[in-house]
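Colleague: Could you take me closely through one part of this model, namely the place where the two chains meet, and then follow the chain that continues from there?

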Amino acid sequence: MKTGSNRYDVCVIGAGVCGANIARRLSAYELDVALVDKEADVSFGTSKANSGIVHGGFHHNKKYLKARLELQGMMMFDRLQQELDFPFKRCGIVVAALHEDEMRAIEQLYMQGVDNGVIGIEMCSRERMLELEPKLNPDTLGGLWVPGGGIVEPYRFVFALVESARKNGVEIMTGFKVEHAARAGDEWTVRAADGRVVKARYVVNAAGLYADEVSRAFGAEEFEIKPRKGEYYLLDRLTKAKPERVIFPVPTSVSKGMLVIPTVEGTVLIGPTAEAVDDKADLATTREQLEKILSSARAMVPSVSEYDVITSFAGLRPTLEEDFYIEPSAKAPALIQVAGIQSPGLTASPAIGEYVKDLLKKEGLRLSEKSDYDPFVGKRPHVKDLTPYEVDKLAQADPAYANMICRCEKVSEAEIVQAIRAGHTTLDGIKYFTRAQMGRCQGGFCTYKIIKIIMRETGLSWDEITKNGDGSRILKDAL
Amino acid sequence: MKDLTFDSVVIGGGAAGMAAALELDRAGFSCAIVEREEALGGILTQCIHNGFGLIEFNEELSGPEFAEKIEERLAGTGITSFTGATVMELDASGDIKTLYCYTGAHGVMRLSARVVVLAMGCRERNRGNIRIPGDRPAGVYTAGLAQRLVNIEGFVPGKDVVIIGSGDIGLIMARRMSWIGCKVHAVVEILPYPSGLTRNIVQCLHDFGIPLYLSHLTTNIVGRERVEGVEITPIENGATRYDKAFTIPCDTVLLSVGLVPENELSKMAGVELNPMTNGPVADSMLMTNVPGVFACGNVLHVHDLVDYVVEEARRAGAHAARWLKGERPKAEARVKAGPNVRYCAPSRVDLHAANKLYMRTLIVKNDATLEVKVNNRVVKSVKKNHIQPSEMIAVELGPKDLEFAVGAPDPVVELSIS
């Protein structure tokens, strides 16, 4: 563990799902690693707003790096879940064909899946599809079944990776917006907008939407990340439209289409749209796109109702070219570019961690295994998943386990406090960590309670409480 | 685990829960109130404006005063109140109902009772429910959350405010925010008429010069980190005129776009809900389809005034006590919402008793007629000077009104407005 010094072996820029996987993988070795992110908390970029799918490995031809990393990554989730205790479930994926001409595409996907070595992939009749997923439109003609596909809560995955990395010595710096980098000798000096400096022998650029700007700051390759927006609706857990499997339409040339996703935590997500935008901070939802989601979701699952909508949101895919761009920079020394990681980036991310570790080794980084590396993070009890007897037992040691703060998602005071102690001190950070404010009342009842707990636990004053960072202060004045 | 048995348990310690518990206690049954907040009183505790109690107490009180006056009646009774206690599980399938209450002070408690009264109140609809597109910045709150922050926590959520929806809480908050020095730039209502009570339009908007935009749809919320403005679009002759959309700059959006009964526990208990009210389908004793489970107040249907809530809850408590004594209605008729009626609660009447129903109309009208038909025969016709959806209508039906229904197979009482 580093203390006091700002010199590192590796600095990973961007604490999204790629950066977090890379940093955690490196934490198994005798290395000093820094993981920096410009946002107030980790996972606040693309990793917080996406479909949360562990893909099935049939969407892309394995000539692409992204297909190979997807196939490798999807196999790594079971072990990661055992180590890191994040919400993940292999519920399986169905691809539903609603028109005769789509059956041909299904056949092609099936062949590609078989060629990629996808386990258990199956071409299905209408009857088989409806048996696998009774919520499907009865007019479904047939489709594809991929039992190994699954769902994950992406931010919880990142939080767990970061926690594990931190436990194994990685230093996390948030609010660290890389502005300038200079190389002297065999060391990069990376300066943040607020003046903080990190020195590192190797740098990994996993800055997501901003990977182009970071590359520029290092005098490396010139490229342009183009954001492509995806909008979503979230439906209440009591909706009748909750499927058992992830439901995909037949993909188009530009996107995998809009899905109906039963989230691990019991709500239903529908979306995403796919629309090129100019602005990397444009997370606004639009009437036109949201309408598209409802009609597309209804085509597959007719019971989808607008009355079940509890919120809408948008995420941005960092698009660059057809394939992932994961290579050592040809222009800047000791810099690994990890850019253009759009779908299936989340699925591939554990394999990206592995891949980048190997690239660093090829670039000369010495890897020697840590004797005290501990891949496990402690399991945290969630009141939502426990019986009253189990909660009562926990409450004997810590009464806060039986003090309910968020009743929609069944989150206790103890869980809020744990989120804060794990470094999540914004309302959104606490939301992603605990699910409090994420349910049907969307924080109507618990926001004030959470504000008070943050103030009590951190000593922050009312005017320092934010939604997700500096500009998003919640309160304007005190009486 | 602490294990306690009562004759009855009331879920929710607001006005409804307290009023129902008092009746059960008065009839000699032991009763526990379970309240998730740290104090009794429910949402009244944050409603520091006046206008409460004109019917119940013949005087105008603030919300906390009203709650206190009801709570005073608990003193000296045998009612046990658990505050800071959230019912997380409810099994009402057997004769003895089981409730698991999670409390910060006593861990998990298991309560057993023969009767459960649902009095959980309602919650506010939010931005997602009405699907306002746009950015997702800080500064968007439900009016009730803002009211809590200002009136109890002592914080000001924002300075330049636009209120979406003209529900009563929004109107009250327009005035409240003005009083603490904020500028309320507009109240925006999608319908051609206000959703709140007329007196609140006058006292909270007109008196403060706050513009009310009727027939305007909120089409966008703007602001990356904190709210910067709200785009609203006029609706003319049923068409949304996107070409006439305009943006009102502000740093805060308060939503007052309707209330929904909080029936998650009811669903857990297997209670059938009425899709028009989102509350339980109740019989003439205000009992749900689950024997021994009663409902009253805003969890049954959203009321205008707490005075009506208390009146209804008192009936529910008294009925629950009668039910515990083994009394059952001899004959009931179904209640049907006829033309221009959105809903009636409860859904059944007792043919041999005095019944009180609350209903809401779908239309705004002067000189309207409320008609009651029993098996298609008009038995009652009442003139109303003015009706509107935001003002609840009470209807009383006694054995005389219902005599045609006695002995008829599947008798129906239909309420209509013309």
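Modeller: What follows looks at the contact between the chains and then at a sheet and a helix of chain B. This is a predicted model, in which local features need pLDDT of at least 70 and side-chain atom pairs count only at pLDDT 80 or more, whereas totals for chains, interfaces and linings use all residues. Residues are numbered from 1 along each chain as its sequence is written, and chains are lettered from A and ligands numbered from 1 in the order in which they are written.

The contact draws 46 residues from chain A and 43 residues from chain B, where two residues are in contact if their C-beta atoms, placed from the backbone, lie within 7 Å. On the side of chain B that touches chain A, the elements giving two or more residues include strands S7 (85-91), S8 (97-103) and S9 (107-113), together with helices H3 (127-130) and H4 (143-153) and strand S13 (155-156); here helices (H or I, at least four residues) and strands (E, at least two) are DSSP runs, numbered from the N terminus. H4(B) gives the most to this side, with five residues. By class, the side of chain B that touches chain A holds 14 nonpolar, 14 polar and 15 charged residues, with Ala, Val, Leu, Ile, Met, Phe, Trp, Tyr, Cys and Pro counted as nonpolar, Asp, Glu, Lys and Arg as charged, and the others, Gly among them, as polar.

Strand pairing also joins the chains: S13(B) and strand S23 of chain A (residues 477-478) pair in the antiparallel sense over two bridges, and two strands pair if DSSP finds at least two bridges between them. In this pairing, A:Asp477 stands opposite B:Val156 of S13(B).

Turning to the sheet of chain B, five strands form an open sheet with parallel pairing, in the order S12-S21-S14-S15-S16. Its edge strands are S12 (140-142) and S16 (212-213), each of which pairs on one side only. Within this sheet, S14 (residues 160-164) and S15 (residues 183-188) of chain B pair in the parallel sense over five bridges, and B:Val161 has B:Val184 in S15(B) as its bridge partner. Helix H5 of chain B (residues 168-179) lies across S14, S15 and S21 (252-255), running at about 165 degrees to S15(B); axes are lines fitted to C-alpha atoms, for helices over the stretch in contact, and angles run from 0 to 180 degrees between N-to-C directions.
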